[in-house]
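Hi,

Here is the structure I said I would pass on. Have a look at it first, and then read my notes on the pockets, the cavities and the ligand below.

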Amino acid sequence: MNLSATHPQKVYPLGDGKTYAIRPIQPNDRERIIELFNHLSPESRYLRFAHAISKLPDAFLDEILELDYTKEMALVAVIQSQTGVEEIVGISRYVTPPNEQVCEFSLSVSDSYATHGIGTHLMLDLIAYAKENQLQEMLGYVLSKNIKMLHLVSELGFQISNLDDDPDFKTASLLL
Ligand SMILES: CC(C)(COP(=O)(O)OP(=O)(O)OC[C@H]1O[C@@H](n2cnc3c(N)ncnc32)[C@H](O)[C@@H]1OP(=O)(O)O)[C@@H](O)C(=O)NCCC(=O)NCCS
């Protein structure tokens, strides 16, 4: 699917005159997603997947890459090297269970590119897509110890709540 006409990429400053772009994921991004995962620290992998994981399962990669681009969406933050090679440095994603209007988000940014605002922009653009697709709420389960992520989503207006039956997680919810 060629999404460049309907979903143009957005370009943001990275500092030092460099930029990164945010665009919908494409089926040919598979190797770049694997590279992003390979560059995440063990701690970042744990914070994202809530358990230790050393390789992205093929079935999970298939799910990320085969989207309907309405009730399932994934955005990637991309940096282009001087030789024109694209590197994915972050990904935000939502999925929506059948017959529901509440989507569930996830977010990862390469450790090498943290604290440049990439995670915030990936979430802001994801929220905009969810609104365009008439979803009513965005929800995520965040580890209680993931202070950085809880802070990031709070700044974007998400409501943080405790889970009665699991103190290890909090929910972050935004009405769209
Ligand atoms: C949590 C995570 C997504 C944050 O991504 P990020 O790109 O570093 O986030 P941002 O840069 O947008 O914001 C993070 C901080 O950087 C600050 N920041 C934003 N732009 C900045 C800039 N240009 N220069 C310096 N700092 C900046 C923000 O103010 C924020 O600071 P604070 O939280 O200390 O107040 C990333 O660390 C990550 O992938 N962690 C592991 C996986 C994970 O936890 N995923 C969430 C599970 S749902």
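Before the ligand, one cut-off: a polar contact here is a pair of N or O atoms within 3.5 Å. Please also keep in mind that this is a predicted model.

With that in hand, start at Thr 115, where a backbone N or O atom lies 2.8 Å from an oxygen atom of the ligand. Next along is His 116, with a polar backbone atom 3.3 Å from a ligand oxygen. Then comes Gly 117, whose backbone N or O atom is 2.7 Å from an oxygen atom of the ligand. As for cover, the ligand has 940 Å² of accessible area on its own, and the protein covers 70% of that.

What else surrounds the ligand? The shell has 18 residues, and the closest are Val 109, Thr 115, Gly 117, Thr 120 and Asn 146. By class you get seven nonpolar, nine polar and two charged residues in that shell. The elements that put at least two residues each into it are H2, E5, H4 and H5, and H5 has the largest share, with four residues.

So much for the ligand's neighbours; now for the space it takes. Which space is that? The ligand takes up the largest pocket, which has a volume of about 870 Å³. That pocket is lined by 37 residues, and closest to its centre are Arg 48, Leu 107, Ser 108, Asn 146 and Met 149. Asn 146 is worth a click, as it is also among the closest residues to the ligand.

Quite a list of elements feeds the lining of the largest pocket. At least two residues each come from helices H2 (42–49), H3 (58–65), H4 (118–132) and H5 (147–155), and also from strands E4 (86–95), E5 (102–109) and E6 (137–143). Strand E5 gives the most to this lining, namely six residues. Sorted by class, the lining has 19 nonpolar, eleven polar and seven charged residues.

On to the second largest pocket, with a volume of about 370 Å³. It has 19 lining residues, and those nearest its centre are Lys 18, Thr 19, Tyr 20, Ile 79 and Gln 80. Here strands E1 (10–15), E2 (18–24), E3 (73–80) and E4 are the elements that give two or more residues to the lining. Strand E2 has the largest share, four residues. The class split for this pocket is eight nonpolar, seven polar and four charged.

How many cavities of 30 Å³ or more does the structure hold? There are two.

The largest cavity holds about 150 Å³ of space. Its lining counts 15 residues, with Arg 48, Phe 49, Ile 64, Ile 91 and Ser 108 nearest the centre. Two or more lining residues each come from helix H1 (30–38), H2, H3, E4 and E5. If you sort that lining by class, you find ten nonpolar, three polar and two charged residues. Two of the names should look familiar: Arg 48 and Ser 108 are listed nearest the centre of this cavity and are also among the residues closest to the centre of the largest pocket.

The second largest cavity has a volume of about 40 Å³. Its lining is made up of Pro 8, Gln 9, Lys 10, Ile 22, Arg 23, Pro 24, Leu 75, Asp 125 and Tyr 129. Strand E2 and helix H4 each supply at least two of these residues, and E2 gives the most, with three. By class, that lining has five nonpolar, one polar and three charged residues.

If you only have a few minutes, I would go through the views in this order:

- Thr 115, His 116 and Gly 117, for the backbone atoms facing ligand oxygens at 2.8 Å, 3.3 Å and 2.7 Å.
- Helix H5, for its four residues in the shell around the ligand.
- Strand E5, for its six residues in the lining of the largest pocket.
- Strand E2, for its share in the linings of the second largest pocket and the second largest cavity.

Cheers

Key: Residues numbered from 1 in each chain as written. Predicted model: local features only at pLDDT ≥ 70, side-chain atom pairs only at ≥ 80, totals over all residues. Heavy atoms only, no water. 1 Å grid on protein atoms, 1.4 Å probe; cavity = no way out; pocket = protein on both sides within 12 Å on 5 of 7 lines; lining within 4 Å. Points joined across faces, edges and corners; volume = space filled by probe spheres on them. Nonpolar A, V, L, I, M, F, W, Y, C, P; charged D, E, K, R; others polar. Near = heavy atom within 4 Å. Polar contact = N/O pair within 3.5 Å; in protein donor to acceptor, adjacent residues only side chain to side chain. Areas by Shrake-Rupley, 256 points an atom, 1.4 Å probe, with all protein chains shown as cover. Sits in = over half its atoms within 2 Å of the grid points.
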